Amino acid sequence: MEERIREIAQRYPAEKRFSLAVLQDVQREFNYIPPEALPLIKEHLGPDVREGQLYALATFYKALSLKPKGKHIIKICDGTACHMQGSTRLITAVQLALGIGPGECTPDGQFSLELVNCVGSCALAPIMIVDETYHSKVTMEGLPAILDTYRPGGERDV
Amino acid sequence: MSETRTLLVCCGTGCLANHASEVADALEAAVAAAGVDAVVGVEASDAATVKRTGCNGFCENGPIVKVHPDDISYYKVRPKHAEKIVASLGGEPVKALLYRNDEKQLVTRQLDNPFYASQRKIALRNIGEIDPLVIEDYQERGGYVVLERIIREAVPPETVIQELIDSGLRGRGGAGFPTGIKWKTAAGYARGGGADADGGQLPAFVCCNGDEGDPGAFMDRSILEGDPHGVIEGLAICAYAVGAEQGFLYIRDEYGLALKNVSAALASAEERGFIGDDILGTGRKLHLEIVRGGGAFVCGESTALMQSIEGQLGEPRAKYIRSAQRGLWDYPTVLNNVETLVNVPYILACGGAEYAKLGTARSSGTKVFSLVGKVNRTGLIEVPMGATLRHLIFDIGGGIKNDRAFKAVQTGGPSGGCIPEQYLDLEVDFDGLTEKGAMMGSGGMIVMDDHDCMVEVARYYVGFLAEESCGKCTPCREGLRHMQAILTDITEGRGQPGDIELLERLGHTLQQASLCELGKTAPNPVLSTIKYFRDEYEAHITAGVCPAGVCPELTDFYIDAEACTSCNACKKACPTGAIEGDKERAYVIDMALCISCGSCRAACRFDSVCTRGKARGKAAAGAGTSAEGKVAS
Amino acid sequence: MSETVKLVIDGKPCTCEKGDYLLEVAQRNGIRIPRMCYHEGLSGLGACRVCIVEVVEAGRSRVVTSCIYPVLSEIEVFTQNEKIKELRGMVLTLLARLAPNAEGVAKMAAKTGIELPRLAVKEGGDTCILCGRCVSACEALGSGAIAKVNRGVTKEIATPYGEPSSECIGCGSCAFVCPTDSIASERTEESFTIWGREFEMQRCSVCGMPFTTQAAFAFLQAAQAEWEPGAEQQPPLCEECGKKAVARQIANAGKYL
């Protein structure tokens, strides 16, 4: 892992302004920011960058997470349009189906549930994004079938 | 007759969610297959090409396929329709895929579709018409002509700036600051003509704000995806005008397609010499770089965005000295929104005075709105400033879904406000909206009907901001925490007399004492809903009733047997299995299982799921107790 | 070259240099604007908003934060009119709910006369007012042991992962600048404990008194070596003995003049 983190950091010049970009790439690779990452990133970016600052960035920006996430990340858009079209009901239904609340991960590590800000697909509200796939106009009726495809052995569980 | 035809497949994020990519593949395959036929003499489709374009704005009816030059628009196209479409080229259009207008007539041309009929596309001029990954497509429509002319003829920067000032263009990101003046100020400081003049040329920076964060607005995403060169040309012209050699495009990390298209466009623009180390052989330099946003709404605020580019926390700084004087790394910096920048090449091509003729006296040009919520036709629209809300919602949007009653329209995102029915004839421009306690913002327009609770809407926005505030200054961070707690109390039946006044008092504190615009405008959704829907707040507080039937703690649901058609929709929608019934037995809700989520009511098309105040009146019990110690986390 | 600007603060005509911060201008003229996060050694926080004042410039009025507001033109300033009293009172009330155990804050809030029992005390709120002075001090010293963690209503000050920080040198600057004595530390003859880490004390090479932590002393020496490469390393001296040493140096220098 350490080698991989070093490689990611070295994609960028050693300047403070690339702190966020490096953290984003680490997040993309591991689905979270492992504790080992901060000292390694600091080492690469140079003396202007402090561990405290990197940690602050990792907690400030929503795209970064300090906790590992599930295999499949369910993002429910809670932008205004989705909110008006029932994202709250959708969240409740997913909570009931998976037993986890926003920001949590199922004990088997299969799913994480996240609320996200507007993803700009308001005309297709409510939107649920699982991994990279957009599910538009999700209905209560259609939800269980979508979730099933991501359960162990489901067609999208790859 | 054989003619070259182009099949334009909308591949914006919305249409992609509806499998537009598969549609494009299928069309390509169908064209190739027909090509084989062409050898044996079927002429109609021998020269058809398939193009993947940006967003047409009417995502709800996607994927959209347009046929040029016949000007046919097809909606809700599926891969299975590909062969039929290709076979029809040159002949009769495929009727099943055409749009039906409000009079139920089929419309073929895009402009006959009521959604598009009264739009005037300037910022969106190329989107849906070009393949954003092909620079020649952009150039064919006049792209980079202005930049090339300015640079080759060495037009004085002052002339460029004056043209912008004459156009009256105001920043489309929200605040509406005149773009030309901003450029002029920055250019002045960069050239050493500012207050701290020492005569030397300072480095300057230009930035494009693509950190679109207003929930319910997606025009910037659409523009970045569908016309990235338009934005790049605008930014390059800006850099020329202020004397900058480096620029940044700050784009939300969640906007994957936008990032991909802009990055490809930057590479091809550099390859053609429009940007880079030696622009068009003149020795000028301009380096443009993408910075990915980290998922923080506050970074849409100009100073927070610049902090973020510098690798710091996205905490705003005071604007007593403007960024045009001291921005990125303390050098003069111009930051413009995506929609603002894409207007720039157009304005310089047609002339500032010509552009100024469009729109209203104080807000020239057009504005892109994202019309969403409870309207029949949702999507991205562009109209001249000054169009009325009624025109937008009822003519373009086709009125309220399911013929329900219009209640309010929320404009300007979390910084904006809710405008009630009595102002439907308001002419929409920067100042008109502000006067009514709302805001233009980035152009989000969320339409609400009588099933939307305005207190809940206010609680939603305050909750959003409480999470998105950077947390640096006391009024915003602490004020929002208390406003959120009080609003939660009200929607859950623990409201107290005096709460409305307290919300107003906290709101005024935020407006006056907060550090940045996020904090100063944060109370707008609360203050505007109190102003126009005070009775709804009072109903929650004093009677313990949510008049719209939304707040679960105050609302019971029941099924009106008279109106029920036994369609079973409510039962299927219920996440807890609380509804029993079938053709023989009347549908009823088991209150022991019901969580008052409202899914049944949303699913019912016959208005037979009704609401009433909670039987026991939790509210009455709660009204006397203090909410002290109870803080929503 | 500096330029002089005229201004009126609470009716009193004053002058200052263009660009001076309003709070400091007022202070020089005997007008003390209440403040919380302002510290003369750490510029530009502007976080607590207690020092807000009303500024009227060319007929246009606005509320500004005096500690970070540079005086650039002729203005009239009101530091305690009704409008400011209300706003500052609300800000102090909000701070008192955030940090119910901060005595100084409670005192200032009580003086405002604003009583809003409906505003709940923050769960777990103690003495920290989240002003960020400590983090600024840490960063200004070139370390990054503590950070502003999270954002919005969940903001807090902490070390990375809540663990003892490897970057901490135990200098205690964070606790020293804290306006509400919110950072716990424990000092004995032998050790200094702060943010979950224990540091060994450095003794003065002359009088033997412990005066800072060994880590902080080493940090300062390293910093000095970076500033003046090749300069002679100074022995550890406490403040008192340090002063004496300097005085001796000056006296010695005089001998050879």
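How many residues of domain 1 of chain C are in contact with how many residues of domain 2 of chain C? Twelve residues on the domain 1 side meet ten on the domain 2 side. The points below take up this contact and other features of the model, which is predicted.

1. Domains of chain C. Domain 1 of chain C covers 1–129, and domain 2 covers 133–255. Their centres, taken over C-alpha atoms, are 30 Å apart. On the side of domain 1 that touches domain 2, nine residues are nonpolar and three are polar. Charged residues are absent from that side of domain 1.

2. Contact between chains A and B. Chain B brings 45 residues to this contact, and chain A brings 38. Several elements of chain B each supply at least two residues of its side. The helices are α1 (13–17), α12 (302–309), α22 (569–573) and α23 (599–603). The strands are β11 (366–373) and β15 (444–449). By class, the chain B side has 17 nonpolar, 18 polar and ten charged residues.

3. Nonpolar core. The largest nonpolar core holds 313 residues. Which of its residues touch the most other members? They are B:V9, B:L27, B:C238, B:V242 and C:L95. This core therefore has members in both chain B and chain C. As background, nonpolar side chains tend to be buried together in soluble globular proteins.

4. Surroundings of B:V9. Leaving out residues up to four places away in sequence, B:V9 touches B:A20, B:V23, B:A24 and B:L27, among others. Its list also includes B:V50, B:K51, B:R52 and B:T53. B:P63 and B:V65 are on the list too. One of these partners, B:L27, is itself among the core residues that touch the most other members.

5. Cis peptide bonds. A cis bond joins A:A125 to A:P126, with omega about -10°. A:P126 sits in the loop between β2 (111–116) and β3 (128–130) of chain A. In chain B, the bond from B:H68 to B:P69 is cis, and omega is near 5°. B:P69 belongs to the loop between β3 (65–68) and β4 (72–74) of chain B. Both sites deserve a look in the viewer.

6. Positive phi at C:N150. This residue is not glycine, yet phi is positive, near 65°. Where does C:N150 lie? The place is the loop between β6 (147–149) and β7 (156–158) of chain C. Is C:N150 buried or partly exposed? C:N150 counts as partly exposed because 15 other C-beta atoms are within 10 Å, between the limits of 12 for exposed and 20 for buried.

7. Positive phi at C:Y161. Here phi is near 60°, again a positive value outside glycine. C:Y161 falls in the loop between β7 and α5 (173–177) of chain C. With 14 other C-beta atoms within 10 Å, C:Y161 is partly exposed.

8. Sheet in chain C. Four strands form an open sheet in the order β8-β9-β10-β11, with antiparallel pairing. Its edge strands are β8 (185–187) and β11 (210–213), each pairing on one side only. From one strand to the next, the twist averages 25°. In general, strands of a sheet pair through backbone hydrogen bonds.

9. The β9 and β10 pair. β9 (residues 191–194) and β10 (residues 197–203) of chain C run antiparallel. Four bridges join these two strands. Which residue of β10 stands opposite C:T193? That residue is C:E198.

Terms used: Residues are numbered from 1 along each chain as its sequence is written. Chains are lettered from A and ligands numbered from 1 in the order in which they are written. This is a predicted model: local features need pLDDT of at least 70, side-chain atom pairs count only at pLDDT 80 or more; totals for chains, interfaces and linings use all residues. A nonpolar core is a set of buried Ala, Val, Leu, Ile, Met, Phe, Trp, Tyr and Cys residues joined through C-beta atoms within 7 Å. Two residues are in contact if their C-beta atoms, placed from the backbone, lie within 7 Å. Domain bounds come from an automatic or database domain assignment. Ala, Val, Leu, Ile, Met, Phe, Trp, Tyr, Cys and Pro count as nonpolar, Asp, Glu, Lys and Arg as charged, and the others, Gly among them, as polar. Two strands pair if DSSP finds at least two bridges between them. Axes are lines fitted to C-alpha atoms, for helices over the stretch in contact, and angles run from 0 to 180 degrees between N-to-C directions.
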